[in-house]
Amino acid sequence: MSIKIVPKEQLGAEREKSGGLDNIPPVLFANLKSLYSRRAERLRQLAENNPLGDYLNFAAAIADAQQKALHDNPLTIDLTQTLTNAAAMGKPPLDTSIFPRTHHWHTLLQALIAELMPDAPEHVQPVLENLSKTSDSELEIMAKDLFAGNYGVVGSDKAPFIWAALSLYWAQMATQIPGKAKAEYGEHRQFCPVCGSMPVASVIHMGTTNGLRYLHCNLCESEWHVVRVKCTNCEQTRDLNYWSLDSENAAVKAESCGDCGTYLKMVYQEKDPKVEPVADDLATLVLDAKMEEEGFGRSSINPFLFPGE
């Protein structure tokens with residue numbers, strides 16, 4: 001099944017026709033009240049005795065800065081017409097290729113820089129200073145390049161900060177979408193139905209969605225349902241394997257596909273209720289190295305780890 005977000009009245013009519021049999025929530029929107037603080041806490045926990053501890057702690061500082069920027073720069077936006085237009089074009093409502101960005105994300109970027117600058121590592125401060133002086137037009141060019149996958153053009157030094165602001169902007173908007181989601185047969189299930197971006201990892205849930213797999217968007221922080229035991233990249237089921245660093249009970253595994261040659265991390269809440277897709281993906285880069293040795297490539301992007309030049 002693929003997922004589309006449609007106006008409420010349209011979904012209501014379709015539910016009536018189908019008998020209203022909707023047992024699995026197709027999309028879960030982020031809880032922004034706790035998302036970034038929870039991520040920061042998890043990053044700091046994972047930093048202990050981790051060879052990447054310094055970077056994990058710095059990523060935690062960025063997450064903390066996102067939480068403060070969110071509080072200090074609330075966004076209220078009417079997306080009713082945007083949703084209607086996107087549905088008519090068959091596009092996600094916040095599709096990065098067509099959504100008209102406002103300068104709100106520039107404001108968020110400056111707020112992040114101001115929060116991070118005092119305690120930033122010495123080698124990071126020039127990057128932040130440079131970004132603080134970057135013109136609006138240059139920022140828009142870099143955003144366009146990141147959305148187009150031209151990560152090397154932007155540079156791995158600047159990309160995480162720009163993305164942190166863009167992500168916060170998109171997450172704010174995602175939580176205000178006035179429509180509802182429906183599942184239907186279609187293509188491109190590997191991309192976020194809210195904004196069209198790639199996942200960072202998948203989460204095997206516990207609680208009300210116990211045992212279900214959701215892919216976590218690396219931009220708008222939404223999650224969308226994808227059935228298990230199927231490649232999230234090419235949807236094949238024939239040649240899947242699962243890899244972990246410790247044991248079969250590990251909270252983080254990689255699902256590899258022999259058909260398309262890619263892999264995606266899976267984090268299991270039942271193994272560790274504190275797992276967080278962005279944090280746990282970043283903290284297990286040793287597993288990524290192992291997967292590369294086995295000849296597999298990532299089908300995801302971590303917002304704190306963009307490819308360099």
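Two residues are in contact here when heavy atoms of theirs lie within 4.5 Å; the exercises below apply this to a predicted model.

**Exercise 1.** Describe how domain 1 and domain 2 are placed and how many residues of each take part in their contact.

*Solution.* Begin with the bounds, which the domain assignment gives as 34–175 for domain 1 and 188–298 for domain 2. Next take the C-alpha centres of the two domains, which lie 22 Å apart. Then apply the contact criterion, by which 26 residues of domain 1 touch 24 residues of domain 2.

**Exercise 2.** Determine what area is buried between domain 1 and domain 2, and which residues of domain 1 lose the most of it.

*Solution.* The size of an interface is often expressed as the accessible area that is lost when the parts come together. For domain 1 and domain 2 this buried area is about 1900 Å², and carbon and sulfur atoms give 59% of it. On the side of domain 1, the greatest losses to domain 2 fall on Arg38, Arg39 and Arg42, which together account for 31% of what that side buries.

**Exercise 3.** Work out which polar and charged pairs link the two domains, and which helices supply the domain 1 side.

*Solution.* Start with the polar contacts, of which there are eleven residue pairs between domain 1 and domain 2, with both residues at pLDDT 80 or more. The helices H2 (35–47), H3 (53–72) and H9 (159–174) each provide at least two residues of the domain 1 side that touches domain 2, and H2 gives the most, with eight residues. By residue class, that side of domain 1 consists of 18 nonpolar, four polar and four charged residues.

Turning to charge, the structure holds 16 salt bridges, and four salt bridges are found across the interface of domain 1 and domain 2. The cut-off for such a pair is 4 Å between the side-chain nitrogen and the carboxyl oxygen. Arginine 39 satisfies it with glutamate 221, where the closest N and O atoms are 2.8 Å apart, and arginine 39 also forms a salt bridge with glutamate 276, at 2.9 Å from N to O. Because arginine 39 lies in helix H2 and glutamate 276 in the loop between strand E9 (262–268) and helix H10 (277–283), this pair ties together parts that are 237 residues apart in sequence.

**Exercise 4.** Give the helix and strand content of the two spans that UniProt annotates as FdhE central and FdhE C-terminal.

*Solution.* The unreviewed UniProt entry assigns "FdhE central" to residues 191–228, a span with 0% helix and 37% strand whose end C-alpha atoms lie 16 Å apart. The unreviewed entry lists "FdhE C-terminal" at residues 229–305, where the chain is 21% helix and 25% strand and the end C-alpha atoms are 27 Å apart.

Conventions:
Residues numbered from 1 in each chain as written. Predicted model: local features only at pLDDT ≥ 70, side-chain atom pairs only at ≥ 80, totals over all residues. Heavy atoms only, no water. Domains from an automatic or database assignment. Buried area = accessible area lost by both parts, 1.4 Å probe. Polar contact = N/O pair within 3.5 Å; in protein donor to acceptor, adjacent residues only side chain to side chain. Helix = DSSP H or I, 4+ residues; strand = E, 2+ residues; numbered from the N terminus. Nonpolar A, V, L, I, M, F, W, Y, C, P; charged D, E, K, R; others polar. UniProt positions renumbered as here; feature names shortened; annotations may be inferred.
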